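Trainee: I've got a model open and I'd like to learn how to read its features one by one. Can we start with the backbone and go from there?

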Amino acid sequence: MKHVSVMIKPASSMCNMQCTYCFYRDVSSNREVTSYGFMSNATALMILKNIFIDLTPGTSLTIAFQGGEPTMAGLDFYKQFVDAAKGLAKGITISWAFQTNGLVVDNEWCQFFKENRFLVGLSMDLIDHNANRVDKEGKGTRNSVQNTLHLINKHEVEHNILCVLTNQLARYPIRVWKSLVQLNVKHVQFIPCLNSFNETTPMGLTPKRFAGFYNEIIPLWYKAFTAGNYISIKLIDDIVNLLAKNMVTACGLTGQCMPQFIVESDGSVYPCDFYVLDKYRVGSFCEDSIKQLFENDIMQGFTNERKSIGELCKQCRFVNICKSGCKRMKEEMYYRDESNFCGYENVLNENWNIFSSVGKMILM
């Protein structure tokens, strides 16, 4: 294995906010155990030992922390975790990532992130943040998160903005773009707001809103790009990398699930962050190595599951590079059953000349 990624949830599904659309609250509510509590240092050390046991010198390892809200595990937990990992990493390069709502991130957290070269994903919903990202008392958190962004910039911590693209937010691409420029954001990922497993929700993104949003954002992005002001928008980067370099930089982009190691706070491992459900439990890093987990029947069954290609896809000229995309985001990005409209196909069609032009520039 030359590159391995592991995502760890040291605070399980616990969070100090009450976001209205939280996908992980929906996931955890469909399990027998909603939260596995805080990860112990003993569990963390066992996880690390079983990660490194199969890795050989020259391997690059990415360890990402997510939640719930991972800061709830406390800064001391991460200091000990990083120190233990460095002690085990003989000839292995470790990259660190941390996704946070930013509510309690202060100077000490920022110093830790900077010293250990963490990439921090800060959740911020730009123009309608306070509508959905509220604390336990129902109060908006925009000011707190904006202060955190200021601190992260002050300490020169590498970061990106994670913005949930709800069906409502997708109506205002121009305002979203202006907000990005005003905040001087250089890296952003728009995360499609998912419907729950059991029902369609008002905030759940629809393929038409998805397409409408990107069809207005992409020309603005291109204009800035050609003027020398590059703003990294994750999906646009993914599409350009795929078309220009044949590089797959996002799971599900070409219809194939990549093997992932999502680790709950008790050490249990799952194949995808969207499916941290009892029936998809692959094993545990407290007992199994990466090789054993990768070869597990549940992991192999999940990643190699054959998807049926619908009639809409069969007629699409992009089917060979998409193959229906990510199965969890089907109804938000692609198409809904009995629909004759695919949001992703529409985005590619409408912006094909832009993608082609950028691809040629990159390859020059």
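Mentor: Sure, and keep in mind that this is a predicted model. Let's begin with glutamate 156.

Trainee: Okay, is glutamate 156 buried or exposed?

Mentor: You judge that from the relative accessible area, and over 50% counts as exposed. Glutamate 156 has 59%, so it is exposed. You'll find it in the loop between helix 6 (142-154) and strand 5 (159-165). Its backbone deserves a look too: phi is near 55°, a positive value in a residue other than glycine.

Trainee: Where does serine 12 lie, and what is its phi?

Mentor: Serine 12 sits in the loop between strand 1 and helix 1 (23-29). Its phi is positive, about 50°, although serine 12 is not a glycine. As for accessibility, serine 12 has a relative accessible area of 0%, so it counts as buried.

Trainee: While we're on backbone angles, what is omega for the peptide bond from glycine 67 to glycine 68?

Mentor: Omega there is near 10°, and the bond is cis. Glycine 68 belongs to the loop between strand 2 and helix 3 (75-88).

Trainee: Strands next. How many bridges pair strand 1 with strand 2, and in which sense?

Mentor: For any strand pair, look at the direction, the bridge count and then individual partners. Strand 1 (residues 3-8) pairs with strand 2 (residues 60-65) in the parallel sense, over 6 bridges. As one example, isoleucine 8 has phenylalanine 65 in strand 2 as its bridge partner. Strand 1 also runs parallel to strand 8 (residues 261-263), joined to it by 3 bridges. There, methionine 7 is matched with isoleucine 262 of strand 8.

Trainee: How many disulfides does a search of the whole structure find?

Mentor: The search finds 0. Take cysteine 257: it is in no disulfide, and the nearest cysteine sulfur, that of cysteine 251, is 5.3 Å away. The cut-off to remember is 2.5 Å between the sulfur atoms.

Trainee: Why does cysteine 342 form no bond with cysteine 322?

Mentor: Because the two sulfurs are 6.1 Å apart, too far for a bond, and cysteine 322 holds the closest cysteine sulfur to that of cysteine 342. Accessibility is a separate reading: cysteine 342 is buried at 10% relative accessibility. Cysteine 257 counts as buried as well, at 19%, with the limit being under 20%.

Trainee: Now for empty space. What is the volume of the second largest pocket?

Mentor: The general idea is that rolling a probe the size of a water molecule over the atoms shows where empty space is left. Here, the second largest pocket has a volume of about 250 Å³. It is lined by 16 residues, and the closest to its centre are Gly255, Gln256, Glu305, Arg306 and Lys307. By type, the lining divides into 4 nonpolar, 7 polar and 5 charged residues.

Trainee: Which residues is lysine 307 in contact with, leaving aside its neighbours within four places in sequence?

Mentor: They are Gly255, Lys323, Ser324, Gly325 and Lys327. With Gly255, the C-alpha atoms are 8.4 Å apart, while the two residues are 52 residues apart along the chain. Lysine 307 is located in the loop between helix 11 (297-303) and helix 12 (311-314). Its relative accessible area is 25%, so lysine 307 is partly exposed.

How values were computed
Residues numbered from 1 in each chain as written. Predicted model: local features only at pLDDT ≥ 70, side-chain atom pairs only at ≥ 80, totals over all residues. Heavy atoms only, no water. 1 Å grid on protein atoms, 1.4 Å probe; cavity = no way out; pocket = protein on both sides within 12 Å on 5 of 7 lines; lining within 4 Å. Points joined across faces, edges and corners; volume = space filled by probe spheres on them. Nonpolar A, V, L, I, M, F, W, Y, C, P; charged D, E, K, R; others polar. Pairing = 2+ DSSP bridges. Helix = DSSP H or I, 4+ residues; strand = E, 2+ residues; numbered from the N terminus. Buried < 20%, exposed > 50% of the residue type's maximum accessible area, 1.4 Å probe, protein only. Contact = heavy atoms within 4.5 Å.
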